[in-house]
Amino acid sequence: MNAPMNSVDDALGDDHARLGALLEELIRAVSAASPAAQALLARLTRGLLHHMAWEDQVLFPAVKALGSAKERRSIESLEIDHERLRETLQRLETALAAGNHVASGPLVNWLKMLLQGHNYDEEHGVYGEANRLINEEERRNLIERFEAGRPKEAS
Ligand SMILES: [Fe+2]
């Protein structure tokens with residue numbers, strides 16, 4: 001990275017793209033019943049849990065504090081998505097650990113569907129609101145905290 005990022009859209013959009021590429025690799029491994037699937041899921045899980053924890057603990061509270069009731073409500077719906085994503089990661093981990101190929105295929109496709117809808121909502125919603133509501137210096141601090149904690153293996 002050259003200049004420090006100050007756009008939430010750019011920093012978090014990049015992470016969506018990285019995690020999306022990892023998910024595609026995982027989908028291929030699951031459909032081939034490859035033994036690599038468990039390690040790929042572990043990498044995806046670490047990256048996604050960091051991404052969601054930063055949003056839940058850092059970004060969303062900052063936007064909620066400055067935003068209107070409408071912004072707070074759309075964030076609540078993103079928080080519910082995060083719960084569903086965590087549950088799905090957990091169920092997929094259980095299915096892969098048990099070698100349950102019948103369950104793991106539909107679960108990984110469901111994960112992709114949830115994540116695509118969720119990422120779209122964030123990129124067209126809260127990230128833009130964060131850029132609008134949070135001043136530049138504070139945004140840069142928030143993004144630095146995100147980058148500092150990001151598992152680099154998910155790159
Ligand atoms: Fe999110």
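Analyst: Let's start with a cut-off we'll need all the way through: a residue is called buried if 20 or more other C-beta atoms lie within 10 Å of its own, exposed if 12 or fewer, and partly exposed in between. Keep in mind that what you're looking at is a predicted model.

User: OK, let's use that on helix α5. Which residues of helix α5 are buried?

Analyst: Helix α5 covers residues 126-133, and its buried residues are V126, Y127, E129 and A130. Viewed down the axis of α5, these buried residues fall within an arc of 160°, so they line one face of the helix.

User: And what covers the buried residues of α5?

Analyst: Several helices do. The cover includes α1, α2, α3, α4 and also α6, which spans 136-149.

User: Let me pick one of those partners. How do the axes of α1 and α5 cross?

Analyst: For a pair of helices, check the distance between the axes and then the angle. The axes of α1 and α5 come within 8 Å and cross at roughly 150°. An angle over 145 degrees counts as roughly antiparallel, and that makes α1 roughly antiparallel to α5.

User: Which residues of α1 and α5 meet?

Analyst: On the α1 side you have V8, D9 and L12, and they meet Y127, G128, A130 and N131 in α5.

User: D9 caught my eye. Is D9 buried, exposed or partly exposed?

Analyst: Count its neighbours. D9, in helix α1, counts as partly exposed because it has 13 or more but fewer than 20 C-beta neighbours inside 10 Å, namely 16. Leaving out residues up to four places away in sequence, D9 touches E123, Y127, G128 and N131.

User: Where does E122 sit relative to D9?

Analyst: This one shows how chain distance and space can part ways. D9 and E122 are 113 residues apart along the chain, yet their C-alpha atoms are separated by 8.8 Å.

User: Let's zoom out. How many helices and strands does the protein have?

Analyst: Six helices and zero strands. Read from the N terminus, the elements run α-α-α-α-α-α.

User: Why would I call the overall shape compact or not?

Analyst: Compare the radius of gyration with what a globule of that length would have. For 155 residues, a compact globule would be near 15 Å, and the protein has 16 Å, which agrees. The C-alpha trace spans about 50 × 35 × 20 Å along its principal axes.

User: What share of the residues is buried, and what share of the contacts is long-range in sequence?

Analyst: Buried residues make up 26% of the 155 residues. If you take contacts between residues at least 6 apart in sequence, 74% of them join residues at least 24 apart.

User: So how should I think about a nonpolar core?

Analyst: In soluble globular proteins, nonpolar side chains tend to be buried together. Here the largest nonpolar core has 16 residues, and those with the most contacts inside it are L26, A37, L41, L44, L92 and V108. Four helices each supply at least two residues of this core: α1 (8-31), α2 (37-66), α3 (69-97) and α4 (101-123). There is also a second, separate core of 14 residues, which includes V8, A11, F60 and V63.

User: What does A37 touch?

Analyst: Not counting residues up to four places away in sequence, A37 touches L26, A29, V30 and L96.

User: Now a backbone feature. Which sign does the phi of A33 have?

Analyst: The background first: most residues other than glycine have a negative phi. A33 has a positive phi of about 50° although it is not a glycine. You'll find A33 in the loop between α1 and α2, and it is exposed, with 12 other C-beta atoms within 10 Å.

User: Could we practise on a few more residues, starting with S31?

Analyst: Sure. S31 is in helix α1 and counts as partly exposed, since it has 14 C-beta neighbours inside 10 Å. Its C-alpha atom is separated by 6.4 Å from that of G105, 74 residues apart along the chain.

User: How many C-beta neighbours does E147 have inside 10 Å?

Analyst: E147 has 15, so it counts as partly exposed. It belongs to helix α6. E147 and W54 are 93 residues apart in sequence and 9.9 Å apart in space, C-alpha to C-alpha.

User: And A53?

Analyst: A53 is in helix α2 and has 13 C-beta neighbours inside 10 Å, so it counts as partly exposed. With N6 the distance along the chain is 47 residues, and the C-alpha atoms of A53 and N6 are separated by 19 Å.

Notes
Residues numbered from 1 in each chain as written. Predicted model: local features only at pLDDT ≥ 70, side-chain atom pairs only at ≥ 80, totals over all residues. Core = buried A, V, L, I, M, F, W, Y, C linked by C-beta atoms within 7 Å. Contact = placed C-beta atoms within 7 Å. Rg over C-alpha atoms; globule rule 2.2 N^0.38 Å. Arc of directions from axis to C-beta. Axes fitted to C-alpha atoms, helices over the stretch in contact; angles between N-to-C directions. Parallel < 35°, antiparallel > 145°, perpendicular 65-115°, else oblique.
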